[in-house]
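Welcome! Below are some exercises with worked solutions to help you find your way around a new structure. Take a look at it, then work through the steps at your own pace.

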Amino acid sequence: SPEPRQVVGAVARYFLRRTARKTWSYFTTFVTAEDHFLPPDNFQDDPAPLVAHRTSPTNMGLALLANFAAVDLGYLGLRGCVDRLERALGTMERMERHRGHFLNWYDTRSLAPLPPAYVSTVDSGNLAGVFIALKQACLRATSLPPIGQISEGVEDTLRLLDEAIDGSGDPALRRLRARTSSFEQLLGRAPAAPTGREAWLTSLHVAASALHAEISALASQAD
């Protein structure tokens with residue numbers, strides 16, 4: 001008989017979702033056009049900010065699957081997921097390979113292999129496994145994400161924003177709490193029926209745009 005499913009407690013769930021959202025921010029921050037939509041190997045924060053502009057097959061595979069993880073967690077829509085996948089795979093198609101295998105390290109800005117050029121059986125195996133999982137994820141991505149999934153994803157983002165606001169000690173930033181509070185009220189009015197989905201998502205988009213504009217204005221003043 002199958003083993004009984006274990007229920008994750010509220011505290012553990014909060015910790016895991018908070019960690020997941022912070023992890024996803026790595027990909028949204030660093031997987032950009034500057035690096036041909038490939039994931040840099042790491043970001044060093046101390047003693048000075050430094051991005052490692054190199055990547056491997058394992059890194060590329062992880063970034064590809066992270067897109068579907070973000071969809072499942074409510075951080076990314078299907079259209080955004082497809083866009084990120086197409087950009088990354090388009091880059092990967094142009095990269096130098098050996099007998100079909102990706103080499104182990106590439107410069108993410110030039111796409112040139114980094115010396116010494118070699119094929120890693122470990123990394124090639126990791127990427128092959130990712131492509132199997134990626135195919136299954138694509139096959140099951142045939143319906144829109146549930147309302148509750150979207151709502152939870154937005155809640156995770158708002159929590160991190162509120163933490164940053166409270167930790168800043170900046171009175172100007174604290175004024176953003178009114179925006180985040182109104183956002184939270186919208187999430188509380190998530191429709192139970194599919195008929196209200198489009199109007200609710202439109203209201204979320206309007207609230208998000210207003211919040212983004214206010215944050216951008218504060219950032220420009222700080223500069």
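**Exercise 1. Find out which helices the buried residues of H8 pack against.**

Step 1. Keep in mind that this is a predicted model. Begin by finding the buried residues of H8: they are Arg-197, Trp-200, Leu-204, Ala-207, Leu-211 and Leu-218.

Step 2. Now look for their partners. These buried residues pack against helix H5 (147-168), helix H6 (171-174) and helix H7 (177-188).

Step 3. Check the length of H8 too. Helix H8 covers residues 197-222, which makes 26 residues, and at 1.5 Å a residue it should span 38 Å. Its end C-alpha atoms lie 37 Å apart, which agrees.

**Exercise 2. Describe the overall make-up of the protein.**

Step 1. Count the elements: there are 8 helices and 6 strands.

Step 2. Put them in sequence order. The pattern reads α-β-β-β-α-α-β-β-β-α-α-α-α-α.

Step 3. Turn to the dimensions. The C-alpha trace spans about 55 × 55 × 30 Å along its principal axes.

Step 4. Ask how much is covered. Of the 223 residues, 32% count as buried, while the protein exposes about 13700 Å², with carbon and sulfur atoms supplying 58% of that area.

Step 5. Finish with the contacts. Taking those between residues at least 6 apart in sequence, 60% join residues at least 24 apart.

**Exercise 3. Work out how H2 is oriented to H3, and which residues make the contact.**

Step 1. Locate the pair: helix H2 holds residues 57-73 and helix H3 holds residues 78-94. They pack at an angle of about 170°, and their axes are 9 Å apart.

Step 2. Apply the cut-off: angles over 145 degrees count as roughly antiparallel. H2 and H3 are therefore roughly antiparallel to each other.

Step 3. List the residues. From H2 come Met-60, Leu-64, Asn-67, Phe-68 and Val-71; from H3 come Leu-78, Cys-81, Arg-84, Leu-85, Ala-88, Leu-89 and Met-92.

Step 4. Sort them by type: the contact of H2 with H3 has 10 nonpolar residues, 1 polar and 1 charged.

**Exercise 4. Repeat the analysis for H2 and H5.**

Step 1. The axes of H2 and H5 come within 7 Å and cross at roughly 105°.

Step 2. Angles from 65 to 115 degrees count as roughly perpendicular, so H2 and H5 are roughly perpendicular to each other.

Step 3. On the H2 side, the contact is made by Val-71, Asp-72 and Leu-73; on the H5 side, by Gln-149, Glu-152 and Gly-153.

Step 4. Sorting the residues of this contact gives 2 nonpolar, 2 polar and 2 charged.

**Exercise 5. Decide whether Arg-17 is buried or exposed, and do the same for Ile-132.**

Step 1. Arg-17 sits in helix H1 (residues 10-30). Its relative accessible area is 12%; since buried means under 20%, Arg-17 is buried.

Step 2. Look around Arg-17. Apart from neighbours within four places in sequence, Arg-17 is in contact with Leu-73, Tyr-75, Glu-152, Gly-153 and Asp-156.

Step 3. Try a distance. Arg-17 and Leu-62 are 45 residues apart along the chain, and 18 Å separates their C-alpha atoms.

Step 4. Move on to Ile-132, found in helix H4 (residues 121-140). With a relative accessible area of 59%, Ile-132 is exposed, because exposed means over 50%.

Step 5. End with one last distance: Ile-132 and Glu-96 are 36 residues apart in sequence and 22 Å apart in space, C-alpha to C-alpha.

Key
Residues are numbered from 1 along each chain as its sequence is written. This is a predicted model: local features need pLDDT of at least 70, side-chain atom pairs count only at pLDDT 80 or more; totals for chains, interfaces and linings use all residues. Side-chain values use heavy atoms; hydrogens and water are left out. Helices (H or I, at least four residues) and strands (E, at least two) are DSSP runs, numbered from the N terminus. The expected span of a helix is 1.5 Å times one less than its number of residues. Buried means under 20% relative accessible area, exposed over 50%, partly exposed in between (1.4 Å probe, protein chains only). Contact means heavy atoms within 4.5 Å. Axes are lines fitted to C-alpha atoms, for helices over the stretch in contact, and angles run from 0 to 180 degrees between N-to-C directions. Angles under 35 degrees count as roughly parallel, over 145 as roughly antiparallel, 65 to 115 as roughly perpendicular and the rest as oblique. Ala, Val, Leu, Ile, Met, Phe, Trp, Tyr, Cys and Pro count as nonpolar, Asp, Glu, Lys and Arg as charged, and the others, Gly among them, as polar. Accessible areas come from the Shrake-Rupley method with a 1.4 Å probe; for residues, only the protein chains shown count as cover.
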